[in-house]
Amino acid sequence: MRPLLVSVVLLLVAGGCAAPQEAASARVAFPAGELVDLSHPFDERTIAWPTAEAFRLERVADGLTDAGYFYAANNLSTAEHGGTHLDAPVHFAAGAQTTDEIPLERFFGRAVVVDVTDRAEAEADYQIGVDDLLGWEREHGRIPTDAILLLRTGFSRRWPDAVRYLGTAERGAEAVARLRFPGLHPDAARWLVDERPLRAIGIDTASIDYGQSTGFETHRLLFERNIPAFENLTNLDRLPAKGAFVVALPMKIAGGSGGPLRAVGILPPAGSR
Ligand SMILES: [Zn+2]
């Protein structure tokens with residue numbers, strides 16, 4: 001079977017220059033394979049950050065019209081940072097890329113899945129460290145520079161139970177201090193940006209910083225380098241440690257700091273896993 005080819009045309013704009021200086025064509029090749037949905041559905045149970053507005057779907061029409069045909073339509077409203085979503089770099093870095101400014105190639109990449117399920121199950125405040133990443137490399141080889149690093153904590157199994165998933169079902173600014181879930185340690189984020197530059201990073205919890213973080217250093221370290229993050233992913237247990245491909249496309253919100261995300265994994269052929 002021929003590999004699927006996605007052509008991505010990128011306009012490279014020099015900093016401070018309004019006009020595109022150079023048009024480059026980047027091609028992304030990925031294999032044909034079984035698809036795995038890495039997004040949670042958006043519905044009334046969707047978990048959002050305690051200070052973010054819940055997802056809402058308002059039925060506008062759902063039935064036969066006077067003209068005799070069926071018609072369904074809804075209005076929706078949502079925080080950018082609820083459910084499975086993108087964090088654009090500007091979310092924690094002034095002047096960094098907004099949702100619509102992120103180059104398309106950031107949304108396509110080879111998946112590296114680091115599994116810390118056992119440690120996260122034993123300790124909700126677990127922070128994935130450099131040792132976890134080096135442990136993956138000892139087994140699977142060096143993390144490729146164009147990888148999308150996916151952090152599997154197993155917490156997606158707790159969705160949509162907010163108490164078990166977030167640490168609290170309470171809403172509002174005061175609930176933030178009660179958040180308990182694993183994330184990426186800032187030392188590991190620093191090591192990644194210096195030693196293993198990524199296309200993007202993703203996690204099956206509500207944030208790439210652990211729930212008890214107050215300074216969101218991991219966000220800041222990655223976003224200052226324009227590395228976007230995918231949060232509240234699911235089904236990471238269906239991906240192999242390496243060999244899968246990820247496509248994660250957010251709503252193109254102009255000036256956005258994030259947005260709803262449909263993420264999909266493409267499994268390698270069974271024989272190559
Ligand atoms: Zn977010």
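# Questions on a predicted protein chain

In this predicted model, residues 24 or more positions apart account for 74% of the contacts in the protein chain with a separation of 6 or more.

User: How many helices and strands are there in the protein chain, and what percentage of its residues count as buried?

Analyst: The protein chain contains five helices together with 14 strands. It has 273 residues in total, and the share of them that count as buried is 37%.

User: Is strand S7 largely enclosed by the rest of the structure or largely open, and how many of its residues are buried?

Analyst: Strand S7 covers residues 108–115, which makes eight residues to consider. Because most of these are buried, the strand is largely enclosed by the rest of the structure, and the number of buried residues is six of the eight.

User: Which strand pairs with S7 in the parallel sense, and which runs antiparallel to it?

Analyst: Four bridges join S7 to strand S13, residues 242–250, and these two run antiparallel; within this pairing, Arg 110 stands opposite Phe 245. On the parallel side, six bridges link S7 with residues 147–152, and there Asp 115 stands opposite Arg 152. The parallel partner is therefore S9 and the antiparallel one is S13.

User: What is the bridge partner of Ala 248 in S14?

Analyst: Strand S13 pairs with S14, residues 258–266, in the antiparallel sense over six bridges. Across this pairing, the residue in S14 that partners Ala 248 is Ala 263.

User: Which residues of the largest nonpolar core touch the most other members?

Analyst: In soluble globular proteins, nonpolar side chains tend to be buried together. The largest nonpolar core here has 60 residues. One of its members, Val 114, is in contact with Ile 128, Asp 132, Leu 133, Trp 136, Leu 149, Leu 151 and Arg 152, leaving aside neighbours within four places in sequence. The residues that touch the most other members are Ala 111, Val 114, Leu 149 and Leu 150.

User: Is Asp 100 buried, exposed or partly exposed?

Analyst: Asp 100 lies in the loop between strand S6 and S7, where its contacts beyond four places in sequence are Lys 252, Ile 253, Ala 254 and Gly 256. Its C-alpha atom is separated by 9.1 Å from that of Gly 258, although the two are 158 residues apart along the chain. A residue needs 20 or more other C-beta atoms within 10 Å to be buried and 12 or fewer to be exposed. Asp 100 has 14, so it is partly exposed.

User: What is the distance between the C-alpha atoms of Arg 157 and Asn 235?

Analyst: Arg 157 is found in the loop between S9 and helix H3, whereas Asn 235 is placed in the loop between S12 and S13. Both are partly exposed, with 14 other C-beta atoms within 10 Å for Arg 157 and 17 for Asn 235. The two residues are 78 apart in sequence, and their C-alpha atoms are separated by 8.6 Å.

User: Which residue is joined to Pro 160 by a cis peptide bond?

Analyst: Pro 160 has its place in the loop between S9 and H3. The peptide bond in question is cis, with omega at about 5 degrees, and the residue it joins to Pro 160 is Trp 159.

User: Is Asn 232 buried or exposed?

Analyst: Asn 232 lies in the loop between strand S12 and S13, and its phi is near 60 degrees, a positive value in a residue other than glycine. Because 28 other C-beta atoms lie within 10 Å, Asn 232 is buried.

Methods: Residues numbered from 1 in each chain as written. Predicted model: local features only at pLDDT ≥ 70, side-chain atom pairs only at ≥ 80, totals over all residues. Contact = placed C-beta atoms within 7 Å. Core = buried A, V, L, I, M, F, W, Y, C linked by C-beta atoms within 7 Å.
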